[in-house]
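This report examines a single protein chain through its buried positions, charged pairs, strand pairing and nonpolar packing. The structure under discussion is shown below.

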Amino acid sequence: SFERSPPAATMKFAAVLASVLMAPSAAEIYFKEQFNDDAWKDRWTIASDWKSSSELGEWSHTAGDWHGDAQDKGIKTSTDARFYGLSAPLSKTFNSSDKKDLVIQYSVKHEQKIDCGGAYLKLLPGGDKFEAKKFGGDTPYGVMFGPDICGSSNKRTHVIFHYDKKDENLLIKKNVGCEDNQLSHLYTLVLRPDNTFEVFVDNKSVRSGKLEDEFDFLPDEKIKDPNESKPADWVEEKKIPDPEDVKPEGYDEIPAEIPDPDAAKPDDWDDEDDGEWEPPMVDNPEYKGPWKPKMIDNPDYKGPWVHPMIPNPEYEYDENMYAVCKDGCTHVGFELWQVKAGTLFDDIIVTDSLEEAQKFAEETFFKKKDAEKEMFDAAQKKDREEAEAAMADEEMDMDDMEDFMGGDEF
């Protein structure tokens with residue numbers, strides 16, 4: 001007897017099924033914006049009801065003063081000391097219940113040598129009820145992410161997650177730095193359903209960890225036992241005065257200063273005219289200061305009292321800390337204030353795949369960055385040469401003026 005081999009078609013189908021089951025699921029792109037056409041204004045809504053027209057700054061559609069491709073444009077803040085409010089709907093709702101990674105990525109270029117202003121992006125819920133024209137600082141959000149600079153000491157990349165259980169927006173506890181030069185930089189945030197996160201700047205990881213460690217999602221796992229307190233007779237003094245040490249007799253009679261034994265009355269000193277001569281006073285080398293008994297180890301010393309800790313009855317781990325879009329996030333938006341305008345935003349993507357975001361970055365940010373740097377360096381060199389030439393001209397004018405002023409008088 002013998003076993004029959006399965007038909008070839010059956011084997012082929014099994015192989016295809018196995019490959020499908022083993023293959024990673026295709027990345028989902030919830031939002032992508034490159035601003036390369038004039039129709040961007042149709043996709044985005046200005047928050048015209050958030051602030052008055054006199055308080056809102058204008059967005060310009062430009063590649064910037066230096067760039068990698070003149071046709072590859074972004075949007076740039078263009079009016080100093082203004083608010084900027086702008087939002088757009090996602091192409092598909094991101095819902096945390098799908099238990100997928102959330103990846104937000106975009107580029108920022110501060111062409112103005114920014115001194116004070118935000119450049120962060122928000123991921124927002126709301127769906128059909130989202131009021132784009134009223135979108136502003138009080139609008140609920142799921143995520144706030146991106147650089148914020150004000151002065152030399154306040155430079156950070158905001159990472160803020162909304163937590164429904166507390167109804168609070170939770171800021172990361174440790175500072176995440178940001179770039180403040182005049183070139184484009186890429187900011188990437190990954191939030192994972194295993195309650196971890198990671199931040200990248202220019203595709204380099206700058207901060208990562210567990211949500212419960214880096215944010216105040218959960219109460220302390222342990223607390224001080226409220227039924228315990230330091231005993232009244234607890235001895236914390238490590239040293240005590242030596243009870244057998246006695247102040248030497250006559251110690252208090254030793255003066256702090258004595259007449260200088262090396263001083264002599266000047267030859268021209270006249271007691272009648274100058275008064276009785278007295279030598280100057282100097283520190284007494286025998287004086288040791290107020291007497292104190294020497295200190296010895298305290299035989300009753302018990303060490304610092306440590307408050308006993310107990311499990312916190314209010315502590316409970318939350319598997320859903322990552323669920324910042326529990327009811328679905330449907331929009332992205334900029335809600336900013338800038339003292340000095342000139343920040344350019346580009347190449348935004350919201351996806352569930354870091355690999356997809358990095359691929360998009362290779363096609364956009366990294367494709368342009370070297371040429372942008374070359375153009376920036378050339379512009380800086382030109383500015384320096386023009387400044388040096390202007391200074392030389394000014395010095396020549398000053399020399400001519402001095403020659404004229406030093407000429408013959410009429």
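Is Asn-298 buried or exposed? In this predicted model, Asn-298 has a relative accessible area of 11%, and because buried means under 20%, the residue counts as buried.

**Surroundings of Asn-298**

Asn-298 belongs to the loop that runs between strand E19 (295-297) and strand E20 (309-311). A polar atom of its side chain lies 2.9 Å from the backbone nitrogen of Asp-300. Beyond its neighbours within four places in sequence, Asn-298 makes contact with Val-235, Glu-237, Lys-238, Lys-239 and Ile-240.

**Salt bridges**

The whole structure holds 27 salt bridges. Three of them are set out here with the distance between their closest N and O atoms.

| Pair | Closest N and O atoms |
|---|---|
| Lys-92 and Glu-28 | 3.2 Å |
| Lys-100 and Asp-352 | 3.3 Å |
| Asp-347 and Lys-368 | 2.8 Å |

The salt bridge between Lys-92 and Glu-28 connects distant parts of the chain, with the two positions 64 residues apart in numbering. Lys-92 sits in strand E5 (residues 82-94), whereas Glu-28 sits in the loop between helix H1 (8-22) and strand E1 (29-33). Lys-92 is partly exposed, with a relative accessible area of 40%, and Glu-28 is also partly exposed, at 24%.

The salt bridge between Lys-100 and Asp-352 ties together parts that are 252 residues apart in sequence, because Lys-100 lies in the loop between E5 and strand E6 (102-110) while Asp-352 lies in the loop between strand E22 (343-351) and helix H5 (354-363). Here Lys-100 is partly exposed, at 29% relative accessibility, whereas Asp-352 is buried, with a relative accessible area of 13%. Glu-28, Lys-92, Lys-100 and Asp-352 are linked in a network of salt bridges.

The salt bridge between Asp-347 and Lys-368 joins strand E22 to helix H6 (residues 365-405), so parts that are 21 residues apart in sequence are tied together. Both Asp-347 and Lys-368 are buried.

**Strand E22**

How many residues of E22 are buried? The number is 9 of 9, so the strand is largely enclosed by the rest of the structure. Asp-347 is found in this strand and has a relative accessible area of 1%, which means that the residue is buried. The backbone of Asp-347 has a phi near 50°, a positive value in a residue other than glycine.

Strand E22 pairs with several other strands. E1 and E22 run antiparallel and are joined by 4 bridges; in this part of the chain, Ile-29 has Thr-351 of E22 as its bridge partner. Strand E4 (residues 74-77) also pairs with E22 in the antiparallel sense, over 2 bridges, and Ile-75 stands opposite Phe-345 in E22. E6 and E22 are likewise antiparallel, with 7 bridges between them, and Gln-105 has Ile-349 of E22 as its bridge partner.

A second positive phi occurs at Asp-202, with a value of about 55° although the residue is not a glycine. Asp-202 is placed in the loop between strand E13 (196-201) and strand E14 (204-210).

**Nonpolar cores**

In soluble globular proteins, nonpolar side chains tend to be buried together. Which residues touch the most other members of the largest nonpolar core? Within this core of 61 residues, they are Trp-44, Tyr-106 and Phe-161. E5 supplies the largest share of the core, 5 residues.

Setting aside residues up to four places away in sequence, Trp-44 touches Phe-31, Glu-33, Phe-35, Leu-86, Ser-87, Ala-88, Val-332, Phe-334 and Ile-348. Apart from the largest core lies another, of 7 residues, including Val-190, Leu-354, Ala-357 and Phe-360.

**Summary**

Strand E22 recurs across these topics. Its 9 residues are buried, its residue Asp-347 forms a salt bridge with Lys-368, and the strand pairs in the antiparallel sense with E6 over 7 bridges.

Notes
Residues numbered from 1 in each chain as written. Predicted model: local features only at pLDDT ≥ 70, side-chain atom pairs only at ≥ 80, totals over all residues. Heavy atoms only, no water. Buried < 20%, exposed > 50% of the residue type's maximum accessible area, 1.4 Å probe, protein only. Polar contact = N/O pair within 3.5 Å; in protein donor to acceptor, adjacent residues only side chain to side chain. Contact = heavy atoms within 4.5 Å. Salt bridge = Lys/Arg side-chain N within 4 Å of Asp/Glu carboxyl O. Pairing = 2+ DSSP bridges. Core = buried A, V, L, I, M, F, W, Y, C linked by side-chain atoms within 4.5 Å.
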